[in-house]
Each structure stands twice: as C-alpha cells, then as structure tokens.
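Biologist: Got a minute to walk me through this one? I'd like to start with the aromatic rings.

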Amino acid sequence: MIRWGEEKRRADAGFFCRKVVEGVSQQVWLVSDTRRVSDVQWFQEAYGTVTQTVRVVASEQSRRQRGWVFTPGVDDAESECGLDNLDGFDWVIENHGDEQQLEEELEKLLGFIRSRL
C-alpha cells in the first residue's frame, strides 16, 4: 500500500489531496494527518490564506511514557517525519502530558474555528 501511494504521489503530488476535497464544499476543513510538505503546499495553493496549519508536538519522553518505541525504517520515514523541518505552522499544540495546557490550546483553536463558521 505504501509503495502504491508513493507511486501515485511521484506521478501527481496532489492526487490524494484532490480526492479528499472532490465534490465537497465546507466552510471549514479539518484535514488530519497530512504527512508531507507537498500536502501542505497543495492546500495552501488551492485555498490560499484561509488555510491554517496545525502541528501537534510531543516530546520523545512523553511519547515513550505512552508506550511509543522508535522503530527504524518506520519512525524515520518521510510518512512519519516529513513535516519535522517545516516552519511557519499557524498553530502549534503541545501534547506533553499537561492536560490543562492541552485543553487551553485546543480551546483557542476551537474558538478560531468557530469564528469562521
């Protein structure tokens, strides 16, 4: 499946992004799990300044506490870390284990989304 997806992306970087929005009209889109710079660029080019990017970050320590174990060939693949060096996210949500901080950050994001409806 991964190889098939990579072949599609090589032939047409926007293939999957177009499939997501095809035939649908929304005031607000929440597109979870974009994994590549080309995905972010596609949405920015297609929707311009209304595009908001959200990055959820968690320290390796907090991830390990949740049971994550680094797997070479998986956790260092583009599908997992392709956006790690992308700067300029509109929103950065920190998910390090502080539930109150996480709730506050999510409420700010939800407030923004509600303001666009």
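Modeller: Sure. Rings of Phe, Tyr and Trp (its six-membered ring) pair if their centres lie within 6.5 Å; planes under 30 degrees apart are stacked, over 60 edge-to-face, and the rest tilted. One caution: this is a predicted model, where local features need pLDDT of at least 70, side-chain atom pairs count only at pLDDT 80 or more, and totals for chains, interfaces and linings use all residues. Residues are numbered from 1 along each chain as its sequence is written, and side-chain values use heavy atoms, with hydrogens and water left out.

Biologist: OK, how many aromatic pairs turn up in the whole structure?

Modeller: The search finds seven. Take Phe15 and Phe16: their ring centres are 4.9 Å apart and the planes sit at 85°, so that pair is edge-to-face. Both belong to one aromatic cluster with Trp4.

Biologist: What lies over the face of Phe15?

Modeller: Lys8, at 4.9 Å from the ring centre. The rule for a charge over a ring is NZ of Lys or CZ of Arg within 6 Å of the ring centre and within 35 degrees of the ring normal. Arg63 does this too, with its charged end 4.0 Å from the centre of the Trp68 ring.

Biologist: And how are the rings of Trp91 and Phe112 arranged?

Modeller: They're tilted, because the planes are at 55°, with centres 5.4 Å apart. Trp91 is in strand β2 (residues 91–94) and Phe112 in helix α6, so the pair ties together parts 21 residues apart in sequence. Helices (H or I, at least four residues) and strands (E, at least two) are DSSP runs, numbered from the N terminus.

Biologist: Are those two rings buried or exposed?

Modeller: Trp91 and Phe112 are both buried. Buried means under 20% relative accessible area, exposed over 50%, and partly exposed in between (1.4 Å probe, protein chains only). Phe16, at 24%, is partly exposed.

Biologist: Switching topic: how many disulfides are there?

Modeller: Zero in the whole structure. You'd need two cysteine sulfur atoms within 2.5 Å.

Biologist: Why is there no bond for Cys17?

Modeller: Because its closest cysteine sulfur, in Cys81, is 18 Å away, which is too far. Cys17 is buried at 4% relative accessibility, while Cys81 is partly exposed at 24%.
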